[in-house]
Amino acid sequence: MIKVNLDHSSLKTVELDNNKVKQIHEIIKTKSGAGNDFLGWIEWPEAFNKNEYDEMKKVANSLRSKIDILVTIGIGGSYLGIRAADEMIRGLNHSDKIKIIYSGHTMSSTYIAQLSEYLKNKKFGICVISKSGTTTEPGIAFRTLEKQLIEQSGIEKAKELIVAVTDGSRGALKTLANKKGYLTFTIPDDIGGRFSVLTPVGIFPLLVAGINTDNIFKGAIKAKNNLVQNDLTNQAYKYAAARNALYKQGYKAEALVTYELQMQYINEWWKQLFGESEGKEGKGLFPTSMVFSTDLHSMGQWVQEGPRKVIFETIIKIQNPVGNLSVELDQDNYDGLNFLAGKSFHEINSVAIEGVIDAHVNAGKMPNIILEFEKMDDEQFGYLVYFFELAVAMSGYMMGINPFDQPGVEVYKHNMFKLLGKPGIK
Ligand SMILES: O=P(O)(O)OC[C@H]1O[C@](O)(CO)[C@@H](O)[C@@H]1O
């Protein structure tokens with residue numbers, strides 16, 4: 001369901017380090033590398049807690065009948081995957097009764113104030129998500145919106161409308177939820193935030209959104225079963241080896257490019273996955289992203305003629321679109337576009353992909369890795385999550401770092417706490 005095409009990457013097969021891939025495959029398989037206590041995502045698509053899943057389905061169904069809006073409160077891995085899945089699967093203008101609104105990923109006073117105003121007299125519920133249970137952004141957003149929900153619905157009703165997803169036993173959010181009588185679902189200890197979208201972090205809100213999460217798991221299991229080879233025939237490893245080979249040649253950044261507007265948040269989710277996993281010890285490709293053809297009209301010039309050997313592109317190409325409209329014939333043809341009449345939008349988008357690849361690769365000397373995706377639905381979402389998680393594990397180990405920690409993020413958190421006067425922080 002994802003094929004890696006290196007025809008336009010400028011890479012020769014010998015440049016891909018098959019031996020290293022084989023060694024690291026053993027390290028991943030035997031769980032003997034750095035960060036090996038965070039490999040729970042490998043078995044998760046089959047090993048997840050089925051009783052908890054059934055319970056989540058019940059609670060989500062009941063919540064769907066009581067609300068119009070679900071406000072999810074979380075940041076980073078407790079936010080991006082949910083939005084990525086929702087927008088990719090339901091689309092940007094869906095007709096499902098439940099709307100998801102995201103909060104806790106910003107401390108902007110304007111954003112929270114406007115959201116709070118918007119939620120006045122609306123039927124909303126809250127899913128507050130934090131693995132550590134101590135993150136400031138979701139913490140303060142929850143304080144505000146919880147108070148509003150209680151004021152609007154009454155304390156007893158609010159208890160039915162608030163769900164917390166957090167650590168099974170530790171952290172301020174777990175304690176708070178237990179004390180106040182909010183239902184909780186568990187993020188496993190051995191799955192880090194950015195690897196957690198298939199745990200209750202993503203699955204519970206997506207159930208509330210009416211998304212078929214069984215199909216998401218089906219896709220993830222398919223990936224788990226497909227991506228078993230110990231060498232470059234494994235597509236996730238092939239992608240990891242290709243980006244490492246370009247990194248070795250001196251490239252500093254990788255832009256993930258989608259031609260589907262509703263996959264913009266796949267890009268955002270991917271940026272956290274690769275950025276937080278690999279940017280360490282002075283190493284790592286800078287993960288950036290673009291949406292084409294939108295950004296061709298803003299970034300296209302830089303990509304075509306800016307400095308070379310800085311950035312390469314990884315293009316997501318969708319084989320089968322969800323809908324397939326065609327351009328209408330117009331009697332007047334004032335715009336001169338009748339030469340496109342009868343052609344489908346997908347056909348035109350696909351021609352654009354070919355044309356852009358040719359322009360960027362041949363004229364622009366910009367390597368392109370192509371990721372061929374079969375489709376853009378729930379099952380494909382599960383597949384791509386597993387694919388990229390396995391790829392980043394391989395890629396991070398190839399770079400010689402621990403892909404499963406994020407010590408650098410703590411520096412800003414510490415400074416912020418110090419400046420805000422958190423007790424016990426010097
Ligand atoms: O779920 P939590 O613990 O609130 O953390 C949110 C995010 O913050 C980080 O710890 C740092 O940005 C991420 O790794 C994580 O996804």
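Ser130 places a polar side-chain atom 2.6 Å from an oxygen atom of the ligand. I should say at once that this is a predicted model, and that every value I quote is computed from it.

Two further residues belong beside Ser130. Glu276 has a polar side-chain atom 2.8 Å from an oxygen atom of the ligand. Gly77 contributes through its backbone, with an N or O atom lying 2.7 Å from a ligand oxygen. As for overall cover, the ligand on its own has 390 Å² of accessible area, and the protein covers 88% of that.

Which residues make up the surroundings of the ligand? From the earlier part of the chain come Ile75, Gly76, Gly77 and Ser78, followed by Ser130, Lys131, Ser132 and Thr135. The list is completed by Gln272, Glu276, Val409 and Lys413. By character, this shell divides into seven polar residues, three charged and two nonpolar. Two helices each supply at least two of the shell residues: H12, spanning 264-278, and H16, spanning 409-420. The space that the ligand takes is the largest pocket.

Let me turn to charged pairs. Side chains of opposite charge can pair when their charged atoms come close. How many salt bridges does a search of the whole structure find? The search gives 25. One of them joins Lys224 to Glu43, with the closest N and O atoms 3.5 Å apart. This pair links distant parts of the chain, the two residues being 181 residues apart. Lys224 belongs to helix H10, residues 213-226, whereas Glu43 sits in the loop between helix H1 (18-29) and helix H2 (44-47).

Finally, two points of backbone geometry. The peptide bond joining Phe292 and Ser293 is cis, with omega at about 5°. Ser293 is found in the loop that runs between strand S8 (286-291) and helix H13 (300-305). On the other side of H13, the loop between that helix and strand S9 (311-318) contains Lys309. Lys309 is not a glycine, yet its phi is positive, at about 60°.

Methods:
Residues numbered from 1 in each chain as written. Predicted model: local features only at pLDDT ≥ 70, side-chain atom pairs only at ≥ 80, totals over all residues. Heavy atoms only, no water. Near = heavy atom within 4 Å. Polar contact = N/O pair within 3.5 Å; in protein donor to acceptor, adjacent residues only side chain to side chain. Areas by Shrake-Rupley, 256 points an atom, 1.4 Å probe, with all protein chains shown as cover. 1 Å grid on protein atoms, 1.4 Å probe; cavity = no way out; pocket = protein on both sides within 12 Å on 5 of 7 lines; lining within 4 Å. Sits in = over half its atoms within 2 Å of the grid points. Helix = DSSP H or I, 4+ residues; strand = E, 2+ residues; numbered from the N terminus. Nonpolar A, V, L, I, M, F, W, Y, C, P; charged D, E, K, R; others polar. Salt bridge = Lys/Arg side-chain N within 4 Å of Asp/Glu carboxyl O.
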